[in-house]
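Biologist: I should like to go through the charged side chains of this structure. May we look at the model together?

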Amino acid sequence: MGKKSKSKSKRALVTSFGKKLENEMNQQVKEWVESAESVEQMNAMLESHVHSLKKVRGYSELISQQLNIPSKDDVARVANLVIQVEEKIDRLEEKVDRLGEETKTLKKKTEGSQREKTNKRNDSRKTVINNDHAASPMLMVNPHITDPRLFQYELECMLDEEWE
């Protein structure tokens, strides 16, 4: 048991010493940060650092021009252009999709109206053929040969299709 109590007292001593040292260092840092002189020194160091960074950037631009390699700004500009092109392509794709859908809709409408016209023509043709006023029984067998009414109707239909 003697060893455990000695190790606890040593640990307590080291802990208390560490806390005292930490408090003293915190106090010194606080005093240094709050002093006007230290703020002026940090400000001067930051200005010097900014000046050095500007020089390095200028030199790197000059070297990249001489070696004909892209600089950081060149790469950034190209990346920006790529983003703009991608956005334009996306908008074009959306427009193409919309036009495709509109084309399908118009095609369906056109097919429907064509079917209606064809049905109307067939109905009219049947009316002309089945007309009780046919000139002879021969017209009932082959009305395309001599029935002027059917010929006139088909001619009008062909003209209508031609003008559409």
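Biologist: Is Asp73 buried, partly exposed or exposed?
Modeller: In this predicted model, the relative accessibility of Asp73 is 28%. Buried would require under 20%, and exposed over 50%. Asp73 therefore counts as partly exposed.

Biologist: With which residue does Asp73 form a salt bridge?
Modeller: Side chains of opposite charge can pair when their charged atoms come close. For Asp73, the closest N and O atoms of the pair are 3.2 Å apart, and a salt bridge requires them to be within 4 Å. The pair links distant parts of the chain, 16 residues apart, with Asp73 in helix H3 and its partner in helix H2 (residues 36-66). That partner is Arg57.

Biologist: How many salt bridges does a search of the whole structure find?
Modeller: Asp73 pairs with Arg57. The side chains of Asp74 and Arg77 also meet in a salt bridge, at 2.9 Å from N to O; both lie in helix H3, three residues apart, about one turn of the helix. The search of the whole structure finds two.

Biologist: Is Arg77 buried, partly exposed or exposed?
Modeller: Its salt-bridge partner Asp74 is partly exposed at 28% relative accessibility. Arg77 has a relative accessibility of 51%, and the limit for exposed is over 50%. Arg77 therefore counts as exposed.

Biologist: Which residues gather in a patch of positive charge on the surface?
Modeller: A negative surface patch is also present, and Glu86 and Glu102 are among its members. One residue of the positive patch, Lys88, lies in helix H3 (residues 72-129). The residues gathered in the positive patch are Lys88, Arg91, Lys95 and Arg98.

Technical notes
Residues are numbered from 1 along each chain as its sequence is written. This is a predicted model: local features need pLDDT of at least 70, side-chain atom pairs count only at pLDDT 80 or more; totals for chains, interfaces and linings use all residues. Side-chain values use heavy atoms; hydrogens and water are left out. Patches are made of residues with over 30% relative accessible area and no salt bridge: like charges are joined within 9 Å, nonpolar side chains (Val, Leu, Ile, Met, Phe, Trp, Tyr) within 5 Å. Accessible areas come from the Shrake-Rupley method with a 1.4 Å probe; for residues, only the protein chains shown count as cover. Lys and Arg count as positive and Asp and Glu as negative; His and the chain ends are not counted. The place of a charge is taken as NZ of Lys, CZ of Arg, CG of Asp or CD of Glu. Helices (H or I, at least four residues) and strands (E, at least two) are DSSP runs, numbered from the N terminus. Buried means under 20% relative accessible area, exposed over 50%, partly exposed in between (1.4 Å probe, protein chains only).
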